[in-house]
Amino acid sequence: MIHSAHAQSSPTPYRITLTDAQGHVWHADEPVNDGGADSAPNPMQLMLSALGACTAITLHMYAGRKQWPLSHVDVDLQLNPDGKPADANQITRSITLHGELDDEQRQRLLQIANACPVHKLLEGKVSIPTALTEAAQA
């Protein structure tokens, strides 16, 4: 599956409309103190939400296949909560599992969380080839 997204600026400063091939629409913005209207999550919050969503979905999928009693997952994420480290960034992730799970199941779910696709993407090497294209003349 090819994952894609399109970002388009708007007349409102820093408000971005995001779309995908399936027709989903969502937005990004910046806080008021950075010149935005704070009308949507900022780009870093969107990135953290992608990790949180992927973590919760992956855990529910795995527990469902195993028929484990996982009823609910909470994932809290923060980027550089203690300030930006000198040589990298740090995302802290706290996962709360709800359901009658034993210690072995909980530990296995922790391993699975660390293998969710967005987690692996963020920890891996990422290349972003970028090109400019010409705008159509009106």
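In strand 3, Trp26 is the bridge partner of Leu18, and this pairing makes a convenient way into the fold. Strands here, like helices, are DSSP runs numbered from the N terminus (E, at least two residues, for strands; H or I, at least four residues, for helices). The structure is a predicted model, in which local features need pLDDT of at least 70 and side-chain atom pairs count only at pLDDT 80 or more, while totals for chains, interfaces and linings use all residues. Residues are numbered from 1 along each chain as its sequence is written, and side-chain values use heavy atoms, with hydrogens and water left out.

The Leu18 bridge belongs to the pairing of strand 2 (residues 16-19) with strand 3, which is antiparallel and runs over four bridges. Two strands are taken to pair if DSSP finds at least two bridges between them. Thr17 also faces this partner strand, standing opposite His27. Five residues lie between the two strands of this hairpin, and Gly23 takes a positive phi near 90° there. Both strands belong to an open sheet of three strands, in the order 1-2-3 and with antiparallel pairing. Strand 1 (6-9) and strand 3 (25-28) stand at the edges with a single partner strand each, so one side of each is left without a neighbour in the sheet. From one strand to the next, the twist averages 30°, where axes are lines fitted to C-alpha atoms (for helices, over the stretch in contact) and angles run from 0 to 180 degrees between N-to-C directions.

Stepping back to the whole protein, there are three helices and five strands. Along the sequence they follow the pattern β-β-β-α-β-β-α-α. The radius of gyration is 18 Å, well over the 14 Å that the globule rule gives for 138 residues, so the protein is more spread out than a compact globule. This radius is taken over C-alpha atoms, and the rule is 2.2 Å times the number of residues to the power 0.38. Taken along the principal axes, the C-alpha atoms fill a box of roughly 60 × 35 × 30 Å. Of the 138 residues, 22% count as buried (buried means under 20% relative accessible area, exposed over 50%, and partly exposed in between, with a 1.4 Å probe and protein chains only). Among contacts (heavy atoms within 4.5 Å) between residues at least 6 apart in sequence, 35% join residues at least 24 apart.

Helix 1 comes next. Its 24 residues (43-66) reach 35 Å from the first C-alpha to the last, close to the 34 Å expected at 1.5 Å a residue; the expected span is 1.5 Å times one less than the number of residues. At the start of helix 1, a side-chain oxygen of Asn42 reaches to within 2.9 Å of the backbone nitrogen of Met44. Such a polar contact is a pair of N or O atoms within 3.5 Å; within protein, one must be able to donate a hydrogen and the other to accept it, and residues adjacent in sequence count only if both atoms are side-chain atoms. The buried residues of helix 1 include Leu48, Leu51, Cys54, Thr58 and Tyr62. Packed against the buried residues of this helix are strand 4 (72-79), strand 5 (91-98), helix 2 (103-113) and helix 3 (117-123).

Two of these neighbours can be followed residue by residue. In helix 3 lies Pro117, which counts as exposed at 52% relative accessibility. Leaving out residues up to four places away in sequence, Pro117 touches Cys54 and Thr58. Pro117 and Cys54 are 63 residues apart in sequence, yet 7.0 Å apart in space, C-alpha to C-alpha. In helix 2, Gln105 counts as buried at 13% relative accessibility. Beyond its neighbours within four places in sequence, Gln105 is in contact with Trp68, Pro69 and Glu100.

Backbone angles round off the picture. Most residues other than glycine have a negative phi. Tyr14, although not a glycine, has a positive phi of about 70°. Tyr14 sits in the loop between strand 1 and strand 2 and is partly exposed, with a relative accessible area of 49%. Gln67 is not a glycine either and has a positive phi of about 60°. This residue comes just after helix 1, in the loop between helix 1 and strand 4, and counts as exposed at 72% relative accessibility.
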